[in-house]
Amino acid sequence: MSEIEIKCVQCGTQTREASDITLITTVEGREIVITRLTGTRCPTCGEEYVDAVSCEKVEELIKKFRKPNVIFKRKITTSGGRRVIGIPEEIDRALGKKENADIWLEGNKIVTEVY
Ligand SMILES: [Zn+2]
């Protein structure tokens with residue numbers, strides 16, 4: 001990193017190596033704060049430049065936040081003329097067998113909030 005000289009895009013000052021860059025980004029409505037990134041920082045205006053290694057780290061983290069930890073595959077069946085999706089037992093248990101649900105659409109996703 002120290003070999004590469006990066007001039008600040010904002011003010012033209014030579015930037016200095018930094019290993020304490022914090023990046024705040026929003027993934028699917030959740031704000032995530034990524035700390036201790038490496039790159040350079042402008043000593044004059046404070047503009048920060050994340051290096052390639054940290055860029056990859058950020059992308060990986062964002063991917064992790066996008067993907068649900070567990071995906072249950074279910075077939076949509078028909079029961080009494082209605083289309084039905086079974087709630088996976090693990091999810092039902094985790095939610096504490098609550099009885100009310102608000103359901104809405106987000107593109108192709110059926111989102112359910114139980115309470
Ligand atoms: Zn600057």
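The legends below accompany close-up views of a predicted model.

**View 1. The whole chain, with two helices and seven strands.**
In this predicted model, the elements follow one another along the sequence in the pattern β-β-β-α-β-β-α-β-β. The C-alpha trace of the protein spans about 70 × 25 × 20 Å along its principal axes, and its radius of gyration is 23 Å, whereas a compact globule of 115 residues would have a value near 13 Å. Buried residues account for 3% of the 115 residues. Of the contacts between residues at least 6 apart in sequence, 39% join residues that are at least 24 apart.

**View 2. The two assigned domains of the protein.**
The domain assignment places residues 16–66 in domain 1 and residues 77–114 in domain 2. Taken over C-alpha atoms, the centres of domain 1 and domain 2 are separated by 36 Å.

**View 3. The open sheet of three strands, in the order E1-E2-E3.**
The pairing in this sheet is antiparallel throughout the order E1-E2-E3, and E1 and E3 are the edge strands, each of which pairs on one side only. From one strand to the next, the twist averages 55°. Strand E1 comprises residues 16–27 and strand E2 residues 30–41, and nine bridges join the two, while E2 is joined by three bridges to strand E3, which comprises residues 48–50. As general background, the strands of a sheet pair through backbone hydrogen bonds, in either the parallel or the antiparallel sense.

**View 4. Bridge partners across strands E1, E2 and E3.**
Thr40 in E2 is the bridge partner of Glu17, and Thr40 also has a bridge partner in E3, namely Tyr49. Arg41, for its part, is partnered by Glu48 in E3.

**View 5. The hairpin of E1 and E2, with Glu28 in the turn.**
Two residues lie between E1 and E2 in this hairpin, and Glu28 is placed in the loop between these strands. Glu28 has a positive phi of about 50° although it is not a glycine; for comparison, most residues other than glycine have a negative phi. Because Glu28 has 9 C-beta neighbours inside 10 Å, and a residue with 12 or fewer is classed as exposed, Glu28 counts as exposed.

**View 6. Arg36, a residue of strand E2 with a positive phi.**
Arg36 is found in strand E2, and although it is not a glycine, its phi is positive, at about 55°. With 10 C-beta neighbours inside 10 Å, Arg36 counts as exposed.

**View 7. The hairpin of E2 and E3, with six residues between the strands.**
Within this hairpin, Gly46 takes a positive phi near 85°. The strands that the hairpin connects, E2 and E3, pair in the antiparallel sense.

**View 8. Helix H1 and the strands that it lies across.**
Helix H1, made up of residues 52–66, lies across E1, E2 and E3 and runs at about 170° to E2. At 1.5 Å a residue, the 15 residues of H1 should span 21 Å, and the end C-alpha atoms of H1 are in fact 21 Å apart, so the expected span and the computed distance agree. H1 is nonetheless hardly covered, since the count of buried residues among its 15 residues is zero.

**View 9. The hairpin of E6 and E7, joined by six bridges.**
Strand E6, with residues 101–106, runs antiparallel to E7, and six bridges join the two strands. Asp102 stands opposite Glu113 in E7. Two residues lie between the strands of this hairpin, and in the turn Gly107 has a positive phi of about 65°. Strand E7, with residues 109–114, lies largely in the open, because the number of buried residues among its six is zero.

Notes:
Residues are numbered from 1 along each chain as its sequence is written. This is a predicted model: local features need pLDDT of at least 70, side-chain atom pairs count only at pLDDT 80 or more; totals for chains, interfaces and linings use all residues. Two strands pair if DSSP finds at least two bridges between them. Helices (H or I, at least four residues) and strands (E, at least two) are DSSP runs, numbered from the N terminus. A residue is buried if 20 or more other C-beta atoms lie within 10 Å of its own, exposed if 12 or fewer, and partly exposed in between; C-beta atoms are placed from the backbone. Axes are lines fitted to C-alpha atoms, for helices over the stretch in contact, and angles run from 0 to 180 degrees between N-to-C directions. Two residues are in contact if their C-beta atoms, placed from the backbone, lie within 7 Å. The expected span of a helix is 1.5 Å times one less than its number of residues. The radius of gyration is taken over C-alpha atoms; the globule rule is 2.2 Å times the number of residues to the power 0.38. Domain bounds come from an automatic or database domain assignment.
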